[in-house]
Structures are given as C-alpha cells and as structure tokens.
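Q: Please give a close description of the surroundings of the ligand in this model. Begin with the elements involved, and explain each term where it is needed.

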Amino acid sequence: MASTDNCGFSDIESQSSKTLLEYEEILFQESVSEKFKNFTHAAHGMLYALDDRLVFGMFRQRAAILMQLRFDGILGFPGGLVDPGENPMEALNREMEEEINLDLTQHPFTNDNHLVTFLHHKKQLVLHFFTKEVSLDQFKNIELKSLNAKEYGLECFGSIRPPLFTMEDGFKGLPAFLSNQFAGNSREQLLYALKSRNIITSEEIATCVESMKRHVENNR
Ligand SMILES: O=c1[nH]cnc2c1ncn2[C@H]1C[C@H](O)[C@@H](COP(=O)(O)OP(=O)(O)O)O1
C-alpha cells in the first residue's frame, strides 16, 4: 500500500478510514480486488493547462484547472461511478464525454494519466483519480465545448477554474476556494494533484489549508 498523504487534512476530514492504493494493486492483484469486491468504484479526472499569467499583474495563476459546479450545488471534478463491465478509465472517458463533451479522439484519458486511488473504508468507496495536461488553447476549447455537453444544465452546471494564488489577506484566492463544499474527496484530490504535478509546493499548500481551517473554525 502507498503511504498515506492527506495534504494536511487530517483533522478537518476524518482520515482514519482513508488510505491510498496503487491502481495496479486494486485492479490487477486478485487478493486485493477480491477484498474490495463489494466496494463502489468511481473515477474522476482533472484536465489542466499551465498558465503563468499574472492576475491583477500580481498573483501568478500557475494553471487552469477544470472543476465543475454540480447539480447538488457542490464542487467536484467531472467523472462518476464505474458501471458494471467497465474499468475506471473507460468509465472516466464515458463521463467526460457526457459531462463536459470532451472530444475523446483528441484528449482521451489513458491508464498513464492515473494519479492516485483513494480508498474510503467507511463508505466502501474506491475513488480513482486521473490528471491530464493540455495546452492553454486546448483547455479554452474544452471549456467552450462543455456548454454543449449532454449533461450541461442537468447534472453539470458549468466548469470553473479554481484560483491558485493567495491574496494579501492570506485567505482570498485558493484558501477561500477550498472552504467551499466538495463532492467526495475532490478537495483532497485537487491538493494532491497540485503537489504531485509540481504546480504548488507542499509548504504553500499547507499554508492554504491552515488559512482555510482557521476560516472554517472562525465561522462555526
Ligand atoms: O470529483 C470528485 N472526486 C472524488 N469523488 C467524487 C467526486 N465527485 C463525486 N465523488 C464521489 C461521490 C460519490 O460517492 C461518487 C460518485 O459520484 P458522481 O460523480 O456524482 O457519480 P455519478 O455521476 O452519479 O455516476 O464519487
């Protein structure tokens, strides 16, 4: 089993029942897949493009990341449940087409795009997470085309880009974004991807999480 790295969330979300698994382990090792055969699998994906422009001439955005507002008013990544007979990558590509009208001939997700699988024992969920880098022009095209997705206005209420900088007050920007409500473990997935794709350093992520936690505590 891979080491547990919760991006500093341990006391905001119960981590006791969550572990990270290797993708190959859960899919291809019989002893492991047998153990989790009653778990529900889901696959979600993060499309992103590096973007070094400055917001207000001051704050480096670093990357455009595609998240979405869901039907239930909370934020998440495109993706969904793995149907019987599908593997996570196939499910992800199907959901990407339905939810954001992703052109799979141009931007298919492959197993090489798998980043991490989180296991949630209590909820009996296996959450597979993939990331895929595209150019900024391709990213804008993907955003535009998402308005014509089958699920736009039904399950999906539009794509959003998280701000990846922190403003002078130490809260506005990424920490404020993180204090929204997130589906499943999508907040952890976002932070995990920012760190492992070298978009934001661990230290900066820890500072953002601290700021977000302070805000949540102060508004209880
Ligand atoms: O973005 C996400 N990241 C991780 N887990 C998520 C995310 N969105 C939802 N979830 C969790 C919540 C549910 O338990 C399952 C499946 O959710 P959903 O995407 O709504 O699935 P369907 O579209 O209904 O197939 O994953």
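A: Helices (H or I, at least four residues) and strands (E, at least two) are taken here as DSSP runs, numbered from the N terminus. The model is predicted: local features need pLDDT of at least 70 and side-chain atom pairs count only at pLDDT 80 or more, while totals for chains, interfaces and linings use all residues. Residues are numbered from 1 along each chain as its sequence is written. The protein has seven helices and nine strands.

The shell around the ligand comprises 14 residues, the closest being Gly-76, Gly-80, Ala-183, Gly-184 and Ser-186; a residue belongs to it if its C-beta atom, placed from the backbone, lies within 6 Å of the molecule. Strand S6 (79-81) contributes the most, with three residues. At least two residues come from each of S6, strand S2 (40-55), strand S8 (125-133) and helix H6 (186-196). In composition, the shell holds six nonpolar residues, eight polar ones and no charged ones. For this count, Ala, Val, Leu, Ile, Met, Phe, Trp, Tyr, Cys and Pro are nonpolar, Asp, Glu, Lys and Arg are charged, and the others, Gly among them, are polar.

Of the contributors, H6 may be followed further. Nine of its eleven residues are buried, so H6 is largely enclosed by the rest of the structure. Here buried means 20 or more other C-beta atoms within 10 Å of a residue's own, exposed means 12 or fewer, and partly exposed lies in between, with C-beta atoms placed from the backbone. The buried set in H6 consists of Ser-186, Arg-187, Glu-188, Gln-189, Leu-190, Leu-191, Tyr-192, Ala-193 and Leu-194. Ser-186 thus appears both in this set and among the residues closest to the ligand. The buried residues of H6 pack against S2 and S8, and also against strand S5 (75-76), strand S7 (114-120), helix H5 (174-178) and helix H7 (202-218); a contact requires C-beta atoms, placed from the backbone, within 7 Å.

Beyond H6, the chain enters the loop that leads to H7, where Asn-198 is found. Asn-198 has a positive phi of about 55°, although it is not a glycine. With 8 other C-beta atoms within 10 Å, Asn-198 is exposed, in contrast to the buried Leu-194 of H6. Its C-alpha atom is separated by 19 Å from that of Phe-139, 59 residues away along the chain. Helix H7, on the other side of the loop, contains Val-216. Val-216 is exposed, with 12 other C-beta atoms within 10 Å, and lies 35 Å from Ser-135, C-alpha to C-alpha, at a sequence separation of 81 residues.

S7 and S8, two of the strands against which H6 packs, run antiparallel and are joined by six bridges; strands pair if DSSP finds at least two bridges between them. One bridge links His-114 to Phe-130 in S8. The hairpin leaves four residues between the strands, and Gln-124 lies in this loop. Like Asn-198, Gln-124 combines a positive phi, near 50°, with a residue type other than glycine. It counts as exposed, with 12 C-beta neighbours inside 10 Å.

S5, another packing partner of H6, belongs to an open, antiparallel sheet of three strands in the order S5-S4-S9. S5 and strand S9 (156-160) are at the edges with a single partner strand each, so one side of each lacks a neighbour in the sheet. S5 pairs with strand S4 (residues 67-70) over two bridges, and Leu-69 stands opposite Leu-75 of S5.

Some wider context completes the picture. Of the 220 residues of the protein, 35% count as buried. The largest nonpolar core has 45 residues, with Met-46, Ile-65 and Leu-92 making the most contacts inside it; such a core is a set of buried Ala, Val, Leu, Ile, Met, Phe, Trp, Tyr and Cys residues joined through C-beta atoms within 7 Å. Leaving aside residues up to four places away in sequence, Ile-65 touches Met-46, Tyr-48, Arg-161 and Pro-162. Residues 24 or more positions apart account for 65% of the contacts with a separation of 6 or more. An unreviewed UniProt entry annotates residues 38-178 as "domain: Nudix hydrolase"; this stretch is 20% helix and 38% strand, with its end C-alpha atoms 31 Å apart. UniProt positions follow the numbering used here, feature names are shortened, and annotations may be inferred rather than shown by experiment.
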